[in-house]
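User: I would like to go through this model by question and answer. Please keep each reply short and end it on the value or name I ask for.

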Amino acid sequence: MLPVNIRFDFITNSKVQHITSLDCKHFHINILGCKNLTFEQVTISALEDSANTDGIHIGRSQGINIINTRIGTGDDCISIGDGSEEVRITGVACGPGPGVACGPCHGISIGSLGKYENEEPVNYSRFPYLVSTKVKISNVGFKNIKGTSTTPVAVELYCSSGIPCENVELCNIDLTYSGKEGPAKLVLTNVKPKITGILNPKVGN
């Protein structure tokens, strides 16, 4: 049997536990139109050089919780599409799939957004990584993140100059760079964050 994509469409008030997805050709788990759905102790794995193998993709859903999960793929661990609200990610080990070198794993991302008309915003999310967007991002919290980065840019928040990100909170972030080209840095573009507690690495360019 060939690996298949797992879809959760328009599910409400449910919990998914103890499932494993291996070597899917595309997105492993696709969430659409769901409300109050929790994933806990999920394992997702794909080769580190496999393209478009996002672990979990969320679109137009509200109240999605991802807890104590291990994701290692060749693309995003978790990707958050338009219309997603109240996404909470806690205790997720995110990294490249099986292999010696670090692959192109993109971590946790919002987007891509702004490609199509009538896309809905992403609001009130808490997670440890953000990539570029062309629509308004606000009320985003990065809290209590500790781990190791294999790239000099440990965290990059890149927002549109025309529509900068607002109400971004950075609280107790402690990331150690494991490579040779140090020190690690945190890059902010068109973001004015509220910083509380530990911030390592420091903001740099």
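User: Is Phe-8 buried or exposed?
Analyst: This is a predicted model, and the value is computed from its atoms. Buried means under 20% relative accessible area. Phe-8 has a relative accessible area of 13%, so Phe-8 is buried.

User: How many aromatic pairs does the structure hold, and what geometry does the pair of Phe-8 and Phe-39 have?
Analyst: The structure holds 1 aromatic pair. The ring centres of Phe-8 and Phe-39 are 5.1 Å apart, and the planes stand at 85°. Planes over 60 degrees apart count as edge-to-face. The pair of Phe-8 and Phe-39 is therefore edge-to-face.

User: How many residues apart in sequence are the parts that this aromatic pair ties together?
Analyst: Phe-8 belongs to strand 1, residues 6-9, and Phe-39 to strand 5, residues 35-40. Phe-39 is buried, with a relative accessible area of 0%. Because the two rings sit in these two strands, the parts they tie together are 31 residues apart.

User: Which residues of the largest nonpolar core touch the most other members?
Analyst: This core has 40 residues. Strand 15 gives the largest share of the core, 5 residues. The residues that touch the most other members are Ile-31, Ile-56, Ile-58 and Ile-78.

User: Which residues does Ile-31 touch, leaving out those up to four places away in sequence?
Analyst: Ile-31 is among the core residues that touch the most other members. Ile-31 has contacts with both rings of the aromatic pair, Phe-8 and Phe-39. The full list for Ile-31 is Phe-8, Leu-37, Phe-39, Ile-56, His-57, Ile-58, Gly-59, Ser-61 and Ile-64.

User: How many disulfides does the structure hold?
Analyst: Cys-34 is buried at 2% relative accessibility. Cys-171 is also buried, with a relative accessible area of 13%. A disulfide needs two cysteine sulfur atoms within 2.5 Å. The number of disulfides in the structure is 0.

User: How many salt bridges are there, and how far apart are the closest N and O atoms of Glu-40 and Lys-15?
Analyst: The structure holds 4 salt bridges. One of them joins Glu-40 in strand 5 to Lys-15 in strand 2, residues 12-17, and these residues are 25 apart along the chain. The closest N and O atoms of Glu-40 and Lys-15 lie at 2.9 Å.

User: Which of Glu-40 and Lys-15 is exposed?
Analyst: The cut-offs are under 20% for buried and over 50% for exposed. Glu-40 has a relative accessible area of 16%, so Glu-40 is buried. At 51%, the residue that counts as exposed is Lys-15.

User: Which residues does Glu-40 touch beyond four places in sequence?
Analyst: Glu-40 is placed in strand 5. Lys-15, the salt-bridge partner of Glu-40, is among its contacts. The residues touched by Glu-40 are Lys-15, Val-16, Gln-17, His-18, Ile-67, Asn-68 and Thr-69.

User: How many residues apart in sequence are the parts tied together by Asp-82 and Arg-60?
Analyst: The side chains of Asp-82 and Arg-60 meet in a salt bridge at 2.9 Å, N to O. Asp-82 lies in the loop between strand 9 (78-80) and strand 10 (85-96), and Arg-60 in the loop between strand 7 (56-59) and strand 8 (62-73), so the parts are 22 residues apart.

User: Is Asp-82 buried or exposed, and what is the relative accessible area of Arg-60?
Analyst: Asp-82 counts as buried, at 13% relative accessibility. Arg-60 is partly exposed, and its relative accessible area is 40%.

User: What is the distance in the salt bridge of Lys-143 and Glu-169, and which strands hold them?
Analyst: The closest N and O atoms of Lys-143 and Glu-169 are 3.6 Å apart. Lys-143 counts as partly exposed, at 35% relative accessibility. The pair ties together parts 26 residues apart in sequence, because Lys-143 lies in strand 13 and Glu-169 in strand 15.

User: What separates the C-alpha atoms of Glu-48 and Gly-72?
Analyst: Glu-48 lies in the loop between strand 6 (43-45) and strand 7. Glu-48 is buried, with a relative accessible area of 14%. Glu-48 and Gly-72 are 24 residues apart along the chain, and their C-alpha atoms are separated by 7.5 Å.

User: What is the average pLDDT of the chain, and where is the pLDDT below 50?
Analyst: The chain averages a pLDDT of 80, and 80% of the residues score at least 70. Residues 129-134 stay under 50, with 25 contacts beyond four places in sequence. Another stretch below 50, with 18 contacts beyond near neighbours in sequence, is residues 99-105.

Notes. Residues are numbered from 1 along each chain as its sequence is written. Side-chain values use heavy atoms; hydrogens and water are left out. Rings of Phe, Tyr and Trp (its six-membered ring) pair if their centres lie within 6.5 Å; planes under 30 degrees apart count as stacked, over 60 as edge-to-face and the rest as tilted. Helices (H or I, at least four residues) and strands (E, at least two) are DSSP runs, numbered from the N terminus. Buried means under 20% relative accessible area, exposed over 50%, partly exposed in between (1.4 Å probe, protein chains only). Contact means heavy atoms within 4.5 Å. A nonpolar core is a set of buried Ala, Val, Leu, Ile, Met, Phe, Trp, Tyr and Cys residues joined through side-chain atoms within 4.5 Å. pLDDT is the predictor's confidence in each residue, from 0 to 100.
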